[in-house]
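Trainee: I'd like to walk through this fold piece by piece before I go back to the bench. Can we do it as quick questions?

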Amino acid sequence: MKNLLLAGGLLTLATFSLPNSLVHAQSTTTNDPNTTAEIPQDHKLVIYQLLPRLFGNKVALNKPYGTISENGSGKFNDITDAALAEIKKMGVSHVWYTGVVEHATMTDYSSQGIPADDADVVKGRAGSPYAIKDYYDVAPDLAMVVKNRMPEYEALIKRTHDQGLKVLMDFIPNHVARSYRSDAKPLEVTDLGATDDKTKAFAPNNNFYYLPGKSFVVPADYNPLGPLKGSKEDGKYFEIPAKATGNDVFTNAPSINDWFETVKLNYGVDYQQGRKTHFETVPDTWKKMRDILVYWAGKNVDGFRCDMAEMVPVEFWAYVIPEVKKVNPAIVFIAEAYDPKVYKTYLDQGKFDYLYDKVGLYDGLRRLMRQEGTTEDISKVWKEESNGYSSRMLRFLENHDEQRIASKDFATDPRRAIPAMTVTATLASGPVMLYFGQDVGEPGHGSEGFSGEDGRTSIFDYWGVPEHQKWLNQGKFDGAKLSPEQKSLRDFYARLLNVTSTSDAIRKGRFYELQDANNLSKEFNQRHLYAYLRYTDKQQVLVVVNFSADKTYKPVIKIPAKAMLAMGINDKIFYNYTDLLNPGTPRNTLQLTLAPLSAHIFELKPQ
């Protein structure tokens with residue numbers, strides 16, 4: 001029966017009237033506790049993160065501490081037109097190529113003028129992609145022909161653009177490898193530290209911080225390659241005077257838990273004198289970092305993911321981002337950020353386009369996926385943490401730092417991502433990110449070497465990514481070796497991200513939470529169910545998810561009259577509800593059956 005219930009100001013079947021505008025909607029929802037006054041902006045980038053070293057690797061040996069010749073390495077050239085076309089089909093707009101810039105490694109390329117680094121200050125056989133050895137070069141591991149490594153990367157950038165995708169790459173501003181020395185820099189560039197006064201612990205125009213009269217001491221308990229011996233390994237590394245370590249450790253003997261393989265860059269902040277700043281004139285490091293960013297912008301990259309952005313003074317970002325945008329006004333800057341108290345500062349003063357939403361939405365959804373949290377965590381994010389700038393928060397469930405969803409350390413069952421990823425992608429109008437392998441349930445199994453059995457895919461070691469390799473299928477990128485369950489999971493991600501990238505309501509619509517409207521319903525368990533509206537004058541959608549791993553609920557979803565009014569809806573016309581996420585026949589009521597770990601995106605259309 002076509003239900004039209006009006007009880008206590010709640011409607012279970014929406015009806016439609018076009019004349020009410022969204023300008024009117026703003027005036028009616030500003031003081032409503034179920035929404036915000038924020039006017040969303042369309043910032044719906046859909047980002048696919050991949051490490052070229054891992055993405056295209058076809059070798060399946062996976063020997064702990066294995067060399068590049070044993071365990072293999074993906075190359076720029078492995079990211080083919082076919083691979084990019086398949087990524088594009090998922091609704092992706094941007095590809096973040098992680099680990100491109102040359103970093104410290106134990107692999108010896110002496111024949112190409114790139115000797116192996118001292119194993120005592122390298123983490124993992126392959127090395128950390130975040131211990132940069134030359135800001136002006138790319139990693140030799142990633143080239144088919146080492147001397148052609150830069151042209152091969154430039155060809156990948158062009159190939160990506162030709163497929164209608166944009167390119168993001170890392171910018172690591174806070175620290176560099178202890179062995180940093182640029183041999184690829186332009187002739188007019190003075191290298192980092194080349195003109196430093198090393199007799200001073202701090203000088204405003206030094207590029208590094210020093211510990212005069214002290215030698216660097218390798219952590220005594222560091223064992224670079226377990227039972228094997230690494231390049232130049234002897235428990236020592238010559239560095240005098242010692243430099244401060246990357247994670248703000250001002251001692252010559254950092255611990256094994258510190259970022260001891262890196263050194264901290266000096267942005268004009270005297271940490272040992274109460275963090276006194278010296279910005280009266282532009283510090284030398286600022287200028288050198290500007291030049292590095294401009295160099296890469298000149299190679300037609302479309303944006304930078306900026307590592308540990310909050311460890312660099314916001315004043316630097318306020319200076320450098322406008323400088324780079326003089327070269328390319330459309331270039332984007334994404335900050336890896338973890339402190340909600342300074343989000344607004346890094347957006348407004350620092351000029352970032354987007355910030356990570358890790359400690360808010362990611363952490364809350366992780367608890368829900370582990371059946372430990374409640375949906376109140378989601379409400380707190382939009383009401384408090386990102387209120388006013390939700391369109392500029394980058395949301396994700398996996399990246400290279402976090403544990404794999406399918407790992408035993410996280411959720412075990414990759415299907416637990418279905419409701420969580422739906423919220424991640426559709427809660428707001430900001431960017432969403434997918435990590436390679438996430439879409440096929442890669443569990444991050446194995447103790448790779450430096451990385452132990454920790455639920456992550458190692459970025460430090462040479463390794464194959466087994467479940468991803470089934471989709472890779474020796475470079476065919478056809479998923480032929482995936483199980484039916486994996487194909488179903490990947491299909492979900494493709495459907496979700498395509499809806500996300502094409503829906504007017506999700507790209508730029510306002511938000512209205514339906515938890516309060518449904519809290520008296522016996523079948524609406526607020527610990528497990530979450531429902532909300534996204535709407536513009538062109539489209540209205542209802543998102544409903546069930547986080548429970550074992551309970552089916554059968555609620556009648558109620559939409560309050562205030563939400564109807566905000567969307568421009570009255571009681572004159574009946575509605576059909578078409579599930580954009582799950583193909584099927586449109587329904588004419590909101591009496592739903594919500595299976596465990598299910599998600600729905602219903603578009604409201606007048607009958």
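**The open sheet**

Trainee: Which residue in β24 is the bridge partner of Tyr575?

Mentor: Keep in mind that this is a predicted model, where local features need pLDDT of at least 70, side-chain atom pairs count only at pLDDT 80 or more, and totals for chains, interfaces and linings use all residues. Numbering starts from 1 along each chain as its sequence is written, and side-chain values use heavy atoms, leaving out hydrogens and water. Strand β24 covers residues 598–606 and runs antiparallel to β23, with five bridges joining them. Across that pairing, the partner of Tyr575 is Pro606.

Trainee: In what order do the five strands of the open sheet come?

Mentor: Strands here are DSSP runs of E with at least two residues, helices are runs of H or I with at least four, and both are numbered from the N terminus. Two strands pair if DSSP finds at least two bridges between them. In this open sheet the pairing is antiparallel, and the order is β19-β20-β21-β24-β23.

Trainee: Why is one side of β19 and of β23 left without a neighbour in the sheet?

Mentor: Look at the edges, where you'll find β19 (510–513) and β23 (575–579). One side of each is left without a neighbour because each has a single partner strand.

Trainee: What is the average twist from one strand to the next in that sheet, and which helix packs on it, touching β19 and β20?

Mentor: From one strand to the next, the twist averages 25°. The helix covers residues 376–385, touches β19 and β20 (529–535), and has a direction about 140° from that of β19. Those angles run from 0 to 180 degrees between N-to-C directions, using axes fitted as lines to C-alpha atoms, for helices over the stretch in contact. So on this definition of angle, the twist is 25° and the helix is α10.

**The barrel and its helices**

Trainee: How many strands make up the closed barrel?

Mentor: Follow the pairing round: β3-β4-β7-β14-β15-β16-β17-β18, which is parallel. The twist in this barrel averages 30° from one strand to the next. The strand count is eight.

Trainee: Which residue in β7 stands opposite Val95?

Mentor: Strand β4 takes in residues 94–97 and β7 takes in residues 166–171. They pair in the parallel sense over four bridges. Opposite Val95 stands Val167.

Trainee: Which helix packs on the sheet touching β17 and β18?

Mentor: On the barrel sheet, α6 touches β7, β14 (303–306) and β15 (332–335), its direction making about 155° with that of β7. A contact means heavy atoms within 4.5 Å. The helix you want spans residues 417–426, touches β17 (393–396) and β18 (432–435), and makes about 140° with the direction of β18; that's α11.

Trainee: At what angle do the axes of α6 and α7 cross?

Mentor: α6 is residues 284–297, α7 is residues 314–327, and their axes come within 10 Å. Among the residues that meet are Trp286 and Leu293 in α6, and Phe316 and Tyr319 in α7. The axes cross at roughly 35°.

**Two backbone oddities**

Trainee: Which residue is joined to Ile240 by a cis peptide bond?

Mentor: Omega there is about -5°. The residue sits in the loop between β9 (210–211) and β10 (242–243). It is Pro241.

Trainee: What is the phi of Asn473?

Mentor: Asn473 lies in the loop between α12 (466–472) and α13 (484–502). Its phi is positive, in a residue other than glycine, and near 45°.
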